[in-house]
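Student: I should like to learn how the surroundings of a bound ligand are read from a model, and then how an enclosed space is read.

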Amino acid sequence: VSTSIGIALFPDDCDDAQLLLLRADVALQHAKSSGGNDYHFYTRELEIRSRERQTLEGALRRALAADEFVVHYQPLIDLRTEKIFGVEALVRWNHPERGLIPPSEFIPQAEELGLVGAISEWVLDRATSQHRSWRESGIDGVRLAVNISVDQLRQRDLPLKVSRALNAAGMAPGQLELEITESGILRDYRRCIRTLDDLKSLGVRISLDDFGTGQASLNYLRSFPADTVKLDRSYVSQIGASESDTAIATAILALAESLHMDMIAEGVETSAQLRFLADRRCHRVQGFLFSGALPEPAIRAHLHDGAAALIGGAREISVAGGPD
Ligand code: C2E
Ligand code: CA
Ligand code: CA
């Protein structure tokens, strides 16, 4: 048993009994949401933040009900075949007044509010049914990567939901890859690992996202059932610029290779980075050098025409060392 306590003081915070209790509650909510087993004093700032959270919570729930989210797809590129071998589904919020809002502005908040699971489930359903529509139009063999939050991994019925989505879309499990952040798994390793094992036995692939940003990488990589490692953007962006980051990137790539894991480098923006990666036998990349996440009609067009417009020249750059 752990205890969270919220404290409001009479008469400093308020001289009305009922309001005083409400303010103690605001402080309690803060103590709980910042990890629990702690106490917190009421402040005016907390109350403003708590109101903002309530507003956002209402807006996110409405957005789910009103179908305001959209999924964009970023190509995952294989340098050896010069083809798009997969896509990563990335959610955006198409806000009626503010326009397209990037996930960095609502996913962390949705996580705090316990709503990220509902959003990610929606994305899973939408993306798998999109995959079906691609297959129906003759686009085959494209891997679909979908991001999964730790909240979802803690729920024991996630494998059931995934298998339902696969069935509904008539999709081969091996074509779906679930991306899980390394730091997320570390927060609740034992519970996550059981769900991950169940997911693996369904036949779906597991990818370690943002790899290198957690803390216990090497230690648990031995027992972790991952198929793919995604080298975090922060290392890729420092290639050539920071000696230590370059060394770590090299070590991670070598490690993934020797453990026979698939490697994908994230956030590739320059041809110098591309060359460095190809030199270390990392042939699968994702980044603005080729393309950011695209809305459905645009990604479909690239999947149809083999993406020559995106990838043309990549092999020359990565093999021969073209201009930056
Ligand atoms: P992530 O999973 O690491 O996704 C990759 C992010 O890097 C995407 O940002 C992508 O647009 C961006 N990116 C790709 N290439 C480059 C590059 O060359 N340079 C730079 N600077 N950035 C690049 P985005 O779409 O804003 O997504 C941010 C994060 O939001 C994702 O990071 C993921 O953690 C989360 N997210 C997105 N969609 C979902 C979802 O459906 N469910 C969950 N749980 N999380 C999601
Ligand atoms: Ca990801
Ligand atoms: Ca990532």
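**The ligand shell and the cavity**

Tutor: The shell around ligand 1 comprises 6 nonpolar, 6 polar and 7 charged residues. Please bear in mind that this is a predicted model.

Student: Which residues of the shell come nearest to ligand 1?

Tutor: A residue belongs to the surroundings if one of its heavy atoms lies within 4 Å of the ligand. Here there are 19 such residues around ligand 1, and R92, D209, R233, E269 and F288 come nearest.

Student: Which elements supply at least two residues of that shell?

Tutor: They are β4 (83–95), α4 (116–136) and β8 (205–211). The largest share, 4 residues, comes from β4.

Student: Where does ligand 1 sit, and which polar atoms lie by it?

Tutor: Ligand 1 occupies the largest pocket. For polar contacts, one looks for pairs of N or O atoms within 3.5 Å. An oxygen atom of ligand 1 lies 3.2 Å from a side-chain N or O atom of E88, and a nitrogen atom of ligand 1 is 3.2 Å from a polar backbone atom of V91. In addition, an oxygen atom of ligand 1 is 3.3 Å from a side-chain N or O atom of D210. The protein buries 82% of the 800 Å² that ligand 1 exposes when taken alone.

Student: How many cavities of 30 Å³ or more are there, and what lines the largest cavity?

Tutor: A cavity is a space where a probe fits but cannot get out. The count is 1 cavity of 30 Å³ or more, and the largest cavity holds about 50 Å³ of space. Its lining consists of V26, H30, L46, R49, S50 and R53. Two or more of these residues come from each of α1 (17–33) and α2 (44–65), with α2 giving the most, 4 residues.

Definitions and conventions. Residues numbered from 1 in each chain as written. Chains lettered and ligands numbered in written order. Predicted model: local features only at pLDDT ≥ 70, side-chain atom pairs only at ≥ 80, totals over all residues. Heavy atoms only, no water. Polar contact = N/O pair within 3.5 Å; in protein donor to acceptor, adjacent residues only side chain to side chain. Areas by Shrake-Rupley, 256 points an atom, 1.4 Å probe, with all protein chains shown as cover. 1 Å grid on protein atoms, 1.4 Å probe; cavity = no way out; pocket = protein on both sides within 12 Å on 5 of 7 lines; lining within 4 Å. Sits in = over half its atoms within 2 Å of the grid points. Nonpolar A, V, L, I, M, F, W, Y, C, P; charged D, E, K, R; others polar. Points joined across faces, edges and corners; volume = space filled by probe spheres on them.
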